[in-house]
Amino acid sequence: MSINKQDVQKIAHLARLALTEEDADQYQNSLSSVLSLVEQMQSIDTDGVEPLSNPLEMTQRLRDDVVTEDNQRDAFLANAPQSEAGLFLVPKVID
Amino acid sequence: MFEQSISTLAKQLKNKDISSVELTQAFLKRISTLDSQLNSYITVSDELALQQAKAADALLQNGQGTSLTGIPVAHKDLFCTQGTLTTCGSKMLNNFIPPYESTVTSRIQQAGAVMLGKTNMDEFAMGSSNENSFYGAVKNPWNLTAVPGGSSGGSAAAIAAGLAVAATGTDTGGSIRQPASFCGITGLKPTYGRVSRFGMIAYASSLDQGGPMAKSAEDCAHLMQAMAGFDEKDSTSSEIASEDYLANINAPLAGLKIGLPKEYFGDGLDAQVAETIMNAVKEFEKLGAIVKEISLPNLQLSIPSYYVIAPSEASSNLSRFDGVRFGHRCDDPKDLLDMYMRSRAEGFGQEVQKRIMVGTYALSEGYYDAYYLKAQKIRRLIKEDFVNALNEVDVIMGPVAPTTAFELGSKTNDPVAMYLEDIYTLSVNLAGIPAMSVPAGFVNNMPVGLQIMGNYFAEAKLLNVAHQYQQHTDWHLQTPEMAKGA
Amino acid sequence: MNWEVVIGLEIHTQLTTKSKLFSGAAVGFGAEANTQTTLVDLGMPGALPVFNKEALRMAVMFGHAVNAEIGMTSVFARKNYFYPDLPKGYQTSQMDHPIVGEGYLDVTLDDGTTSRVGITRAHLEEDAGKSLHEDFQGMTGIDLNRSSTPLLEIVSEPDIRSAKEAVAYVKMIHSIVTYLGICDGNMAEGSMRCDINLSLRPKGQKEYGTRTEIKNVNSFRFIEKAIYTEIERQMDILEDGGRIIQETRLYDPEKNETRSMRSKEDANDYRYFPCPDLLPIVLTQDYVDEIKSTLPELPSQKAKRFQEEHKLSEYDAGVLSSSRAMADYFENANKIAKDAKLTANWVMGELSKQLNQEQLEINQAPVSAENFGQLLIRIKDNTINGKTAKDVFQGMWQGEGSADEIIEAKGLKQVTDTGAIEAMIQEILDANTAQVEQYRAAEPDKQKKMIGFFVGQVMKASQGKANPGIVNPILAKMLKG
Ligand SMILES: [Mg+2]
Ligand SMILES: [Zn+2]
């Protein structure tokens, strides 16, 4: 299974990764080889097999509805690339 | 001092033969002289370490503390440590100082251990050679031109070279066991859900599991005493009570049923590695164990299944690295989209970007059933293989990796060859069972690890089996040349 | 061409939990930016979600209230997309296995007709944060206080055929969730937001036309107006032989128009997959039954009871039960007044008028239901008449005191002492001898008209406090001479 460069750019866009033409060429090769490796899965019939997403097949535990956390805004904002007035700043969002 | 076990050091600390400050200073000094050859640490936290050592001494002075009190350890740089740089091996987190502490590191700290620093790793735990670190490759202490394995390569190399008494690692597809094998140390990947994932930077949430790495099984048991157990902050944490991992460590192995999966000894396994493993199995027979051949028929499918599930989860887990609230942001973004695209392309290395793209593709419309769902179905088949096998035997043994540590750069151009290296470790994560790597000999002076796999929550049993083996062998006590005399 | 409107609604209701869906941060409106966030809501590395028990209970309550199947196993999934107010790069929601499955609601329109609207599903999900577009160095500010606030998204079948029906349906959902106490219903603060899926098709055609989705409409009035303008827009296009583009649109109340939100169209491949940080929620039948048994009385049940127990008309019962606060006010006032008809008239009349005038909700009324009931007692026992009662009510509204205090302070008590009334009448008769003569000389049916003059004089003399029920017979007797 191989994918073309357009596919690579489409995936990269979905994943928000800027690729140069050169990158795209390279990823086209490496993604194709991973996808062929993954193709081996089709060799086995899995009809009627339930998918397994958690190895222990546990069920969700429930948390009591209580407020346990204090305001730690400043500690979190300390890691922000850009902030002002308690807000994280990003380039203008246009709706 | 750098080769002592935790029990010995704990005794010396308790008897005040040595103080934690002295011990810590000695390790810090050794790191500063030796680590330039290995690059096993990303951050050395001298100041914090000495503070913690002082606090440990105060406790010990009062006759308080646990067996870890005052013991210098290191943490894989994937565990968030409050106030200490946490990079996950990535440029993305080049400047990230968490205002919170992971449950694992917090529990080890509570037990009184001293944190020497944060160890190098493959970026976001993606890799089997530690060559994917933004902070440079780690060298194998047994051969400085060979890889230490990955992704917990820094922890493994540091322990092998005596740059930490013990360390934490994480294992998503073999990342504790394979570097342990390559560096000749002991490592345990616990049952999924045994050790909390809170504060562990996620690679693949349904596969990730933190665990101990140390010289011996007994030292791993000491770490497990602190690390393991239920955590209400992690929904996938098991409420099954954790065991006393030291209580039965000396139980005799007579009658132990060992299964050898024939699929672990087929093509692709280095003949000398195979021989080393079989010698180890004979040692167990001498201790009264019964060996039988078993089968894990779907082993081969663990590679494709893993390389769909792990990248899929990773593609989503790594979306939070967007340059908004923390981490790398590109210079002068021209708009929001540009900020996302360039921050992520600049912040993530190639292997990470590749896995994000594989996962994005596997989850995308029209492909989900053929990839993700199919992989989850195969995952169940793999789990069932183990469940069936472990109905017949107590533990399963085999190699950790097909070869000993390979040369740096030898596989970087053939990623698929690198993925095939993980053939003996991936299935354990898919099934969620615990497994260890235990030093079992050398091939051309390079360590070989024996893998011991067990049933869900059978960590104490695995540690007992490994410890008994280590009582009768000295492979785990060997020291690499570069670490001698220093 | 004769067009049929096809509408399906997605309503996001914010649940009234104390803490967030997946973290222990407080939930609340209007807090200072980013002060109600934890590492979970901020999507920090290594943060993990743990699910709120109360949100689950609330979702199950809602399921029962709309006659729905409860999802005995429900699963959280990740909806992946990048947006600055979505910190993790995915929204944790439910896809294939929602907590509430198929159900329905019978909606009554103003004209009394009833229609059944199917409910496809209702699922739990986390809210996103907010982008603030005021200028911050030419940038947008992100406030994540709302991130991970619990939402129940209620999705209807495309069963709705008019703007009026849509509004009636949303009002009914509003009334149910507020009755259940699982949502505060405050639409202005975004506690209930409505997405409208709308398409047209020629009457009689089976297949649906291409639909548009109008996002985040947050008042009953705007829902109605947005639907009208969108119908008009689509109709214009279709009548001109054009085609509707399937897209997301935004309703602008100022211009009363909908417009395309191109930004939302960009690559919406959400790559849903089960969230590996959360596990399937598995319910027991006991748990589900327990919640059913503790469900409060719902609006339709309450309306029925009001008709039976209080002998109210269908209309009055419907109005009074439309909100739980109104129904509670009515019942509490009536507990004191013990006259359902009188209480109903006053709640729907004077009280509602005053609330409307001041644009207040009933739970903001400065007069408590208990005090309101006391006022009604004074009407019932003839202490004051209806006209005076309105003045007393105004006084109570202004905070001048209880009904009795105001009546006492202003001396508004009706005069019921027959001796005093007789004396007052005698004085009036003495002062108006000519009119008395005329009266006495008149035919009985003319007398009936002429008596009004004397009643007016008595009321004037008593400053309205004389009880007409007592004045009238005494006056008639004394005029006879
Ligand atoms: Mg929706
Ligand atoms: Zn929604």
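This report looks at a metal site in chain C and at the contact between chains C and A in a predicted model.

## The zinc site

Let's begin with the zinc ion (ligand 2). Its protein donors are C:His12, through NE2, and two glutamates, C:Glu125 and C:Glu153, each through OE. These donors lie 1.9 to 2.1 Å from the zinc ion. Along the sequence, the donor residues follow the spacing H-x112-E-x27-E.

Where do C:His12 and C:Glu125 sit in the fold of chain C? C:His12 is part of strand S1 (residues 3-14), while C:Glu125 belongs to strand S7 (residues 114-126), so the pair ties together parts that are 113 residues apart in sequence. Are these two residues buried or exposed? C:His12 has a relative accessible area of 10%, and because buried means under 20%, C:His12 is buried. C:Glu125 is buried as well, at 3% relative accessibility.

## A neighbouring magnesium ion

C:Glu153 has a second partner: this residue bridges the zinc ion (ligand 2) and the magnesium ion (ligand 1). The two ions lie 3.9 Å apart.

## Where chains C and A meet

Now for the contact between the chains. Chain C brings 51 residues to it and chain A brings 32 residues. The area buried between them is about 3900 Å², with carbon and sulfur atoms giving 58% of it.

There are 2 salt bridges across this interface. One of them joins A:Asp64 to C:Lys53, with the closest N and O atoms 2.7 Å apart. Polar contacts link 23 residue pairs between the chains. On the side of chain C that touches chain A, helix H1 (53-65) and strand S8 (130-136) are among the elements that each supply at least two residues. That side divides into 25 nonpolar, 15 polar and 11 charged residues.

Terms used. Residues numbered from 1 in each chain as written. Chains lettered and ligands numbered in written order. Predicted model: local features only at pLDDT ≥ 70, side-chain atom pairs only at ≥ 80, totals over all residues. Heavy atoms only, no water. Donors = N, O, S within 2.8 Å, 3.2 Å for Na, K, Ca; no water. Helix = DSSP H or I, 4+ residues; strand = E, 2+ residues; numbered from the N terminus. Buried < 20%, exposed > 50% of the residue type's maximum accessible area, 1.4 Å probe, protein only. Contact = heavy atoms within 4.5 Å. Buried area = accessible area lost by both parts, 1.4 Å probe. Salt bridge = Lys/Arg side-chain N within 4 Å of Asp/Glu carboxyl O. Polar contact = N/O pair within 3.5 Å; in protein donor to acceptor, adjacent residues only side chain to side chain. Nonpolar A, V, L, I, M, F, W, Y, C, P; charged D, E, K, R; others polar.
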